[in-house]
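Please open the model in your viewer, with the sequence panel beside it, and follow the selections below in order.

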Amino acid sequence: MSAALKNDRYIRACLQQETDRTPIWMMRQAGRYLPEYRQLRAEAGSFMDLCTNPELACEVTLQPLRRFPLDAAILFSDILTIPDAMGLGLYFTPGEGPAFEKPVRSMAEVAALPIPNPNQELKYVTDAVATIRKALQGQVPLIGFSGSPWTLATYMVEGASTKNFSWVKGMMYQEPKAMHALLEKLADSIILYLNAQVAAGAQALMIFDTWGGVLTPADYQEFSLRYMQKIVAGLTREKDGQKIPVTLFTKGAGNWLEQMAQTGADCLGVDWTTNLQDARALVNGKTALQGNMDPSILYGSEQRIREEVSKILASYGQGSGHVFNLGHGIHQTVEPEKAGAFIKAVHELSPQYHL
């Protein structure tokens, strides 16, 4: 047991060390499915007002931990903080999601982008990390995170959410040098950003590659995985004698887990389209696995949720190295009670796999 942590199951599982049961947390566990979150957001004024206020970001981070016996906290922030700090004019429109006033679509525009100083333009994030870490009092570890270079580039080039990725793929195929220059700059920015989160108190790191799965296998290697590998190599992996595990999550990347396991990451996130038994065979002991329940199962009955938890635990099988999670973020219309039933099922059903 780490001296700084009362519950280190999550860290241990990421490092494939023994645990008494399978640890659990949920992507987007601090968010819109919780009525207390919706109330605080209404009082704050906007999503970015929550993100940029360290005290409010701390409160939102802690909300799910007051309700549920989770094994990790994750920093409440947004994946688009870096592009915002690069001066692209991030804004949110109701029902449409994030957008940028100034999309990046040429080599000249890439060259003009600054690399943000995490202790200046992004100080609100590192201040939030320090505030949360103090408030947690060692209850559970705090996960810091970033979007991946490819995922950030997708939003920056498209200028908003997209379904067909025409601008970003157009740039990738027409001006690959400009795309690589953008991804290189983003990778350098993310290394600084995540290391600053560790310095401020993050005890684990996660890189969210939401859009890697829209690429061909060859393009995924060249434009996404290559840059995540660079980030992994540049991260602080130990602090105060404690290892800082790193998790990579590419949505839709079940076929590429073997290549992802070569990056040096400690853990790989898996979505619900890949069976954990197959994933475990592909990574062959190189990494732990996180996942992978379909978030929509939480619309089912508590009995159905419990059945699904049982199936997923059985698919991973005996031994350490599994962090239970959803295969993507919890949906905002899920009843909190269903999330509670999910967590309870993991607590009750997983110890038999750790004997």
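Select Tyr124, Val125, Thr126, Ala128, Val129, Ile132 and Leu136, which are the buried residues of helix α7 in this predicted model. Extending the selection to the whole of α7, residues 123-136, shows a helix of 14 residues that reaches 20 Å from its first C-alpha to its last, close to the 20 Å expected at 1.5 Å a residue. Now display what covers those buried residues, which includes α3 (47-51), α4 (54-67), β1, α5 (81-85), β4 (142-147) and α10 (176-200). Just after α7 comes Gln137, whose phi is positive, near 50°.

From β1 and β4, move on to the sheet, an open one in which 7 strands are ordered β1-β4-β5-β8-β9-β10-β11 with parallel pairing. At its edges lie β1 (73-74) and β11 (322-326), each of which pairs on one side only. Helix α14, residues 302-316, packs on this sheet and touches β10 (288-293) and β11, its direction making about 155° with that of β10.

Within the sheet, select residues 204-209 and 246-250, that is, strands β5 and β8, which run parallel and are joined by 5 bridges. Here Phe208 stands opposite Phe249 in β8.

Finally, go to helix α15, residues 336-349, and pick out Lys338. Is Lys338 buried or exposed? Lys338 counts as buried because its relative accessible area is 15%, under the 20% cut-off. Leaving aside neighbours within four places in sequence, Lys338 is in contact with Leu298, Tyr299, Gly300, Glu302 and Ile305. A distance drawn between the C-alpha atoms of Lys338 and Ile297, which are 41 residues apart along the chain, comes to 9.3 Å.

Key. Residues are numbered from 1 along each chain as its sequence is written. This is a predicted model: local features need pLDDT of at least 70, side-chain atom pairs count only at pLDDT 80 or more; totals for chains, interfaces and linings use all residues. Side-chain values use heavy atoms; hydrogens and water are left out. Two strands pair if DSSP finds at least two bridges between them. Helices (H or I, at least four residues) and strands (E, at least two) are DSSP runs, numbered from the N terminus. Contact means heavy atoms within 4.5 Å. Axes are lines fitted to C-alpha atoms, for helices over the stretch in contact, and angles run from 0 to 180 degrees between N-to-C directions. Buried means under 20% relative accessible area, exposed over 50%, partly exposed in between (1.4 Å probe, protein chains only). The expected span of a helix is 1.5 Å times one less than its number of residues.
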